[in-house]
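Q: Could you take me on a close look at one part of this model, the strands and the side chains that tie them together? I'd like one connected walk, not a list.

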Amino acid sequence: MALSILFESGIQHYADAISVYADHPGQPLLAAVPAVWDETVLLEGYPGRFVTLARRSGDEWFIASICAAGGRDASIPLDFLEGTGTYQAVIYSEKAEPDEYRYRSKLPPLEVHTQSVRAEDVLHVRLKVYGGVSIHLTPVTPSNA
């Protein structure tokens, strides 16, 4: 799911049968990911090891973080958010190791949770080996409130 945010192609497409996504808990995120972005911010990265990227479309932000071998604890600062408003963060993280699903025609199970965040917050997420996390941020209060 994080790859749908990380990679930009001008047309949003997913490499599997629609039946795989139909009842998946990540379906709301995949339906919300736009084909084009208004802004992109590299939050952290090291070539071949890990990357965390934030992309904005309108007043919504999408964050994706992936890592290679070894897994890692990602610290994702939200200081790129404008103003002093509150955002709802819907966080989609993997429950199983990706290798358990590598040769199956279904997506790994997800843990989905929601929390309120602000620009001064830092999200701490454990990334599994060759895993990732996707986060959808929507404003709850105006930034000038």
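A: Let's start with a charged pair. Aspartate 73 and arginine 126 form a salt bridge, with 3.5 Å between the closest N and O atoms. Aspartate 73 belongs to strand β4 and arginine 126 to strand β7, so this contact ties together parts that are 53 residues apart in sequence. Bear in mind that this is a predicted model. On the surface side of things, aspartate 73 counts as exposed because its relative accessibility is 56%, and arginine 126, at 51%, counts as exposed as well.

That bridge is one of five in the structure. Another part of the story is a little network in which salt bridges with shared partners join Asp38, Glu39 and Arg56. Arginine 56 is the shared partner here: its side chain meets that of aspartate 38 at 3.7 Å, N to O, and that of glutamate 39 at 2.9 Å, N to O. The glutamate 39 bridge runs from strand β1 to strand β2, where arginine 56 lies, so it ties together parts that are 17 residues apart in sequence. Aspartate 38, on the other hand, sits in the loop between α3 and β1, 18 residues from arginine 56, and this pair links distant parts of the chain. As for exposure, glutamate 39 comes out at 27% relative accessibility, so it counts as partly exposed.

Now for the backbone that carries these side chains. β1 and β2 pair antiparallel over seven bridges, and glutamate 44 has threonine 52 in β2 as its bridge partner. Three residues lie between the strands of this hairpin, and glycine 48 takes a positive phi near 80 degrees there. Move on one strand and the antiparallel theme continues, with β2 and β3 pairing over eight bridges. Serine 57 finds its bridge partner in β3, namely glutamate 60. The β2–β3 hairpin has two residues between its strands, and glycine 58 in the turn shows a positive phi of about 65 degrees.

Stay in that turn for a moment. Aspartate 59 is also in the loop between β2 (50-57) and β3 (60-67). Leaving out residues up to four places away in sequence, aspartate 59 touches Tyr87 and Pro139. Aspartate 59 also has leucine 137 at 8.8 Å, C-alpha to C-alpha, although 78 residues separate the two in sequence.

Leucine 137 takes us inside. The largest nonpolar core has 20 residues, and those touching the most other members are Ile63, Ile76, Leu78, Phe80, Leu81, Ile135 and Leu137. At least two residues of this core come from each of β3, β4 (72-77), β5 (87-94), β7 (122-127) and β8 (132-139). Isoleucine 76 is a nice one to click on: beyond its neighbours within four places in sequence, its contacts include Leu43, Thr52, Ile63, Val122, Val125 and Ile135. There is also a second, separate core of twelve residues, with Leu29, Trp37, Phe62 and Leu110 among them.

Two members of that second core bring us to the aromatics. The whole structure has two aromatic pairs. In one of them, the rings of tryptophan 37 and phenylalanine 62 have centres 5.4 Å apart and planes at 70 degrees, so the pair is edge-to-face. Tryptophan 37 comes from the loop between α3 (27-32) and β1 (39-46), and phenylalanine 62 from strand β3, so the pair ties together parts that are 25 residues apart in sequence. Both tryptophan 37 and phenylalanine 62 are buried. For a ring with a charge rather than another ring, look at phenylalanine 50: the charged end of arginine 72 sits over its ring, 3.7 Å from the centre.

One last stop is the loop between β7 and β8, home of tyrosine 130. Most residues other than glycine have a negative phi. Tyrosine 130 is not a glycine, yet its phi is positive, at about 55 degrees. With 47% relative accessibility, tyrosine 130 counts as partly exposed.

How values were computed
Residues numbered from 1 in each chain as written. Heavy atoms only, no water. Helix = DSSP H or I, 4+ residues; strand = E, 2+ residues; numbered from the N terminus. Contact = heavy atoms within 4.5 Å. Phe/Tyr/Trp six-rings, centres within 6.5 Å; stacked < 30°, edge-to-face > 60°. Buried < 20%, exposed > 50% of the residue type's maximum accessible area, 1.4 Å probe, protein only. Lys NZ or Arg CZ within 6 Å of the ring centre and 35° of its normal. Pairing = 2+ DSSP bridges. Core = buried A, V, L, I, M, F, W, Y, C linked by side-chain atoms within 4.5 Å. Salt bridge = Lys/Arg side-chain N within 4 Å of Asp/Glu carboxyl O.
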